[in-house]
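Subject: Structure handover and what turned up in it

Hi there,

Here is the structure I promised to pass on to you. Have a look at it first, and then read on for what was found.

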Amino acid sequence: MTDINTDVLIIGGGVAGSAAAYALSKRGYGVLLLEKSEKPQDTARGDHLQPAVCEILGKWSVLDHFLNNGAKKRAGSLWFDEDANFLMDANVSNLEIPEPYFMFMNHEEISGIFVSASEKNESFSFLCPIISCVHVETNEKESIFEIKSKDGTVKTASTKMIVIADGVASNMGRYFKFERNSFRYERALAVLFSDEYEADEFNNLRTYLTDRGIVTMIPRAKGGCKIGLTINREEIKSWKKMTPIEYQEFIGQLVPAYKDLKMYSAGIYPPSMIIAENWAKDNIVLIGDACHGLHPGRSQGMNTTIKCVDHLLDLLPEKGSFNKENVVQTLDQYQKSMKSNINELLEANHSMGLSMDKFDHESKVHDIEKFKLLEQNKEAGHAYRMKSAGYGVF
Ligand SMILES: Cc1cc2nc3c(=O)[nH]c(=O)nc-3n(C[C@H](O)[C@H](O)[C@H](O)COP(=O)(O)OP(=O)(O)OC[C@H]3O[C@@H](n4cnc5c(N)ncnc54)[C@H](O)[C@@H]3O)c2cc1C
């Protein structure tokens, strides 16, 4: 006999684990979510959800919970050259889709919103902070874990399905011998914050094409903005030592319109792509960065995770027939269908990472023409907007 018997054990309470916990407990499955950290998640990470993902959150009946708790809507993105000459308005407001806007919220709040929504589901329980979660055995019917909480309590739990959502390092993935392939890009993503930045009335994201890559001004849900740009690996050391005035001068030289904007460093992310070879085996499934650590330049990590969880939800057996044998079959099916669904997205993400590595004057000139044409050509512009909204690609 174990202390807790659940249908699904989820290890890791970041956006991936908490989104899965919400969606699965809402469907009535017993869910035990484990999180080891009491600290808020890193605020500079993903904050931007696509319209296609908002549609999924609407279907899951959690979209309003986000919007009522501080998430904001954005029309889309505006593209400019480095002198702030307008190139393209890629807003999604006129698309015929259920939720024609992007939703954004500071990263550290997103998992809390999923957890608070999950708490309304009777079948949900949450242990946080835990110190360890040790796999004891997997038999024909279930897997058994021993979980030690920070307050010293030790509980045993049995589960029919294991969801590993412990982030890009994925120690649990390693423990269960999931092989992963990784690729390290040349340029790191540097993120700055400005508390002074004022967004336009549509909260548009503004992207500037410069000789050394794109500089993006991303309005934050509680005011100010996040500024994203790439820096070379050899610049990382000196970048870390720069003062706020030096960051301001650096950005001001790239995009003179922001020469007077005060800013400070929010973090540096050496981007890698880490993709698990198998996404599921036996009764275990990987989700989130544990499964697909993507280059952050295209805002895909959380968006992809929520789409994956939704796809998994469609395949899972009903509560009445939710046993380990059926779970194993479902996860095998999930793994096969995901592989073909996701390849295009992974390839597009990888080639974007490679092009960000090589971005130079020629790339800028090419992209300026590309965005001018997209602004003029209705059909191509529509296709671009649909893709950025998360439709047509997985
Ligand atoms: C600068 C930047 C900007 C980004 N922008 C976007 C964006 O706009 N849109 C988007 O979709 N994506 C974006 N991303 C990507 C996105 O942030 C990540 O893909 C996403 O946050 C990953 O979530 P996760 O839950 O898989 O992993 P994590 O956030 O790493 O969560 C893993 C959790 O597991 C816990 N954990 C680890 N081990 C254990 C254990 N043994 N037991 C219990 N708990 C454990 C950790 O404490 C952590 O809370 C961005 C990334 C970066 C770096």
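Is lysine 364 buried or exposed? With a relative accessibility of 8%, lysine 364 counts as buried. Before going further, please keep in mind that this is a predicted model.

**Salt bridges**

Lysine 364 is a good place to begin. Its side chain forms a salt bridge with glutamate 82, and the closest N and O atoms are 2.9 Å apart. This pair links distant parts of the chain: glutamate 82 sits in the loop between β5 (77-81) and β6 (86-89), while lysine 364 belongs to helix α10 (residues 361-376), 282 residues apart. Glutamate 82 is buried too, at a relative accessible area of 16%.

Lysine 364 also meets aspartate 211 in a salt bridge, at 3.1 Å from N to O. Aspartate 211 lies in the loop between β14 (205-210) and β15 (213-219) and lysine 364 in helix α10, so this pair ties together parts that are 153 residues apart in sequence. Aspartate 211 has a relative accessible area of 36%, which means that this residue is partly exposed.

What other residue of that region touches lysine 364? Threonine 210 does: apart from neighbours within four places in sequence, threonine 210 is in contact with Glu82, Val215, Leu254, Val255, Phe359 and Lys364. Threonine 210 lies in strand β14 and is buried, because its relative accessibility is 1% and the cut-off for buried is under 20%. A polar atom of the threonine 210 side chain lies 2.7 Å from the backbone oxygen of glycine 213.

How many salt bridges does a search of the whole structure find? The search finds 16 salt bridges. One of them joins the side chains of aspartate 47 and lysine 226, at 3.5 Å from N to O. Here again distant parts of the chain are linked: aspartate 47 is in the loop between β2 (31-34) and β3 (48-49), and lysine 226 is in strand β16 (residues 225-232), 179 residues apart. Aspartate 47 counts as buried at 5% relative accessibility, and lysine 226 counts as buried at 8%.

As general background, side chains of opposite charge can pair when their charged atoms come close.

**The surroundings of aspartate 7**

Aspartate 7 lies in strand β1 (residues 4-11) and is buried, with a relative accessible area of 4%. Its side chain and that of lysine 319 are joined by a polar contact of 2.7 Å. Leaving aside neighbours within four places in sequence, aspartate 7 is in contact with Tyr29, Gly30, Thr159, Lys160, Met161, Lys319 and Phe322.

**Helix packing**

Two packed helices are described by the angle between their axes and the distance between the axes. Helix α2 (residues 51-59) and helix α8 (residues 301-315) pack at an angle of about 40 degrees, and their axes are 10 Å apart. That angle makes α2 oblique to α8. The crossing of α2 past α8 is left-handed. On the α2 side the contact is made by Ala52, Val53, Ile56, Leu57 and Lys59, and on the α8 side by Asn303, Ile306, Lys307 and Asp310.

Both of these helices also help to cover helix α4 (residues 107-118). Which residues of α4 are buried? They are His107, Ile110, Ser111, Ile113, Phe114, Val115, Ala117 and Ser118. What covers them includes α1 (15-26), β2, α2, α3 (63-67), β8 (124-127) and α8.

**Backbone details**

A few backbone features may interest you as well. The peptide bond from cysteine 128 to proline 129 is cis, with omega near 0 degrees. Proline 129 is found in the loop between β8 and β9 (130-138).

Lysine 177 has a positive phi, near 60 degrees, in a residue other than glycine. Lysine 177 belongs to the loop between α5 (171-175) and β12 (180-184) and is exposed, with a relative accessible area of 63%.

Aspartate 282 likewise has a positive phi, near 50 degrees. The loop between β19 (280-281) and β20 (284-286) holds aspartate 282, which counts as partly exposed at 40% relative accessibility.

Best wishes

Conventions:
Residues are numbered from 1 along each chain as its sequence is written. This is a predicted model: local features need pLDDT of at least 70, side-chain atom pairs count only at pLDDT 80 or more; totals for chains, interfaces and linings use all residues. Side-chain values use heavy atoms; hydrogens and water are left out. A salt bridge is a side-chain nitrogen of Lys or Arg within 4 Å of a carboxyl oxygen of Asp or Glu. Helices (H or I, at least four residues) and strands (E, at least two) are DSSP runs, numbered from the N terminus. Buried means under 20% relative accessible area, exposed over 50%, partly exposed in between (1.4 Å probe, protein chains only). A polar contact is a pair of N or O atoms within 3.5 Å; within protein, one must be able to donate a hydrogen and the other to accept it, and residues adjacent in sequence count only if both atoms are side-chain atoms. Contact means heavy atoms within 4.5 Å. Axes are lines fitted to C-alpha atoms, for helices over the stretch in contact, and angles run from 0 to 180 degrees between N-to-C directions. Angles under 35 degrees count as roughly parallel, over 145 as roughly antiparallel, 65 to 115 as roughly perpendicular and the rest as oblique. A crossing is left-handed if the near helix is turned anticlockwise from the far one by less than a right angle, and right-handed if clockwise.
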